[in-house]
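Good morning, everyone. I have one structure to show you today. Take a moment to look at it before I start.

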Amino acid sequence: MIPDLIPGAARMMEWIETVTSRGIRRPGYPADDWTAAWAAERFTEFGLHGVRLAPVELPAWRPVTASLTVRLDADPSRAVRVAASALPYTTPKAIVSAPVSREVVPGAIVVPEYTFAELPQSYLRDLATAVHDPEGVFDDLVQTLPFQLDHLDVIQGVMDGGAAAFAGALTGVPWETRDYYVPYDAVHRDLPAVWLSGRDSRRVLDLVDEGPCTGTLTVESETGPAVSHNVIGTLPGRSDQWVIIGSHHDAPWASAVEDASGIALVLAAARYWAGVPERDRPHNLVFLLTAGHMAHAAGTRAFIEENRGLLGDVVLQLHLEHAARRCVAVDGELLPTGDPEPGWWFTTRKPELERLVAEAVVAEDLRRSFVLPPDVFSPMPPTDGAFFHPEGVPLVHFLSAPMYLFDSADTVDKVHEESLEPLTRAAVRIVEGTDGWRRA
């Protein structure tokens, strides 16, 4: 490693602030298109070869308005009207008047209370192949995840029960918000559906608890096809094998952690390796910023389909996502701490690769880190690069999952700036450690 080639944290924060200043980066949004073009310019500036924007077709979704009005049947003058936030890719336009119920009832506007899952780090430690916990916090630390475990199917039970609409009550979310971008798989679900903030939800449910109520849910959004772009650049190395270093450039909001921080980590890696002589790069390198993570990883899937001939020569696919600062909720507000959110290093079950990752994490003192099998939570890791896993490509995917990940509260102050350089150095160590490796 050549330490002087590692971009400083201040430079990486400048990149993050540049990206977030453009606004919401959902697939098909102007800010996301701008970010892809800007990242391609940085790749070219660094001296990468063959820099290009590869088109990716995907569905775009844009909310327009949403609200819920609830009236007490026994006294219609008793009413609550609240603003709402539409669930992505649900019924685009509807006005639904129906009874309001806490429970799933056919024909009703269902208002179920929603809370985030809690993950004891002691439980996760037992599933890991290695941990780095020099502070000894994993015995007692409990992480609040940004979802329930069924987050992609959050309205399925309501749909199956024949409800007229879904109004999710975010009463169990630790801070006050309705800006919750879940589900994020871009699957159309034919049900009018909105999120309500915790405070507004309690007003609605208090009225419902007084007696039968009738509600009117109004929602409007726009959907349609769009074209985004993967950002791709390469550098030659001394081997005929390949390493792919990637992240995604889209986001649910302006999103500093998800994933402006990932963009910065890939740019830092590209800047570093561009400064290393070709003879000292252990393999050919691909740098990849994908489109459409918020559309079921559309960019990753497109890259795989377009580059299947390359996959058999890839010794490592390294994905870098979410340099996140741990936050605590106090009186309905999120307060950043000085600590990183626990980091998950999803690593293919190869002893030499698991050992390499564990050593890099310790060498850079990336505290609160787990080395985990890719399928520890589900058949694929919960990352933008997940679809490389069923292709048999060896992978190391870094990701953290702070509770604000899908919310507009993901602002620049949530980036764990102190981790940016150590994460970059760890990524360099991991790539260097593959020197001499070949795909069997």
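I will go through the domains, then the interface between them, then one database annotation.

A word of caution: this is a predicted model. Let's start with the layout. The domain assignment splits the chain in two. Domain 1 takes residues 3-59 and 225-434. Domain 2 takes 61-116 and 149-221. So each domain is built from two segments of the chain. Their centres, taken over C-alpha atoms, are 34 Å apart.

Now the interface. How many residues of each domain are in contact? On the side of domain 1, 21 residues; on the side of domain 2, 16. Interface size is often given as the accessible area lost when the parts come together. Here the area buried between the two domains is about 1700 Å². Carbon and sulfur atoms give 60% of that. Three residues deserve a look: M294, F406 and D407. Together they supply 30% of the area that domain 1 buries against domain 2. No other three residues supply more.

What holds for polar pairing? Across this interface the rule finds zero salt bridges. It does find seven residue pairs in polar contact. The domain 1 side that touches domain 2 divides into 13 nonpolar, five polar and three charged residues.

Last, the annotation. An unreviewed UniProt entry labels residues 230-427 as "domain: Peptidase M28". That comes from the record. Over residues 230-427, the model has 28% helix and 28% strand. The end C-alpha atoms of that stretch are 21 Å apart.

That's the tour. Thank you.

How values were computed. Residues are numbered from 1 along each chain as its sequence is written. This is a predicted model: local features need pLDDT of at least 70, side-chain atom pairs count only at pLDDT 80 or more; totals for chains, interfaces and linings use all residues. Side-chain values use heavy atoms; hydrogens and water are left out. Contact means heavy atoms within 4.5 Å. Buried area is the accessible area (1.4 Å probe) that two parts lose on being put together, summed over both. A salt bridge is a side-chain nitrogen of Lys or Arg within 4 Å of a carboxyl oxygen of Asp or Glu. A polar contact is a pair of N or O atoms within 3.5 Å; within protein, one must be able to donate a hydrogen and the other to accept it, and residues adjacent in sequence count only if both atoms are side-chain atoms. Ala, Val, Leu, Ile, Met, Phe, Trp, Tyr, Cys and Pro count as nonpolar, Asp, Glu, Lys and Arg as charged, and the others, Gly among them, as polar. UniProt positions are given in the numbering used here, feature names are shortened, and annotations may be inferred rather than shown by experiment. Helices (H or I, at least four residues) and strands (E, at least two) are DSSP runs, numbered from the N terminus.
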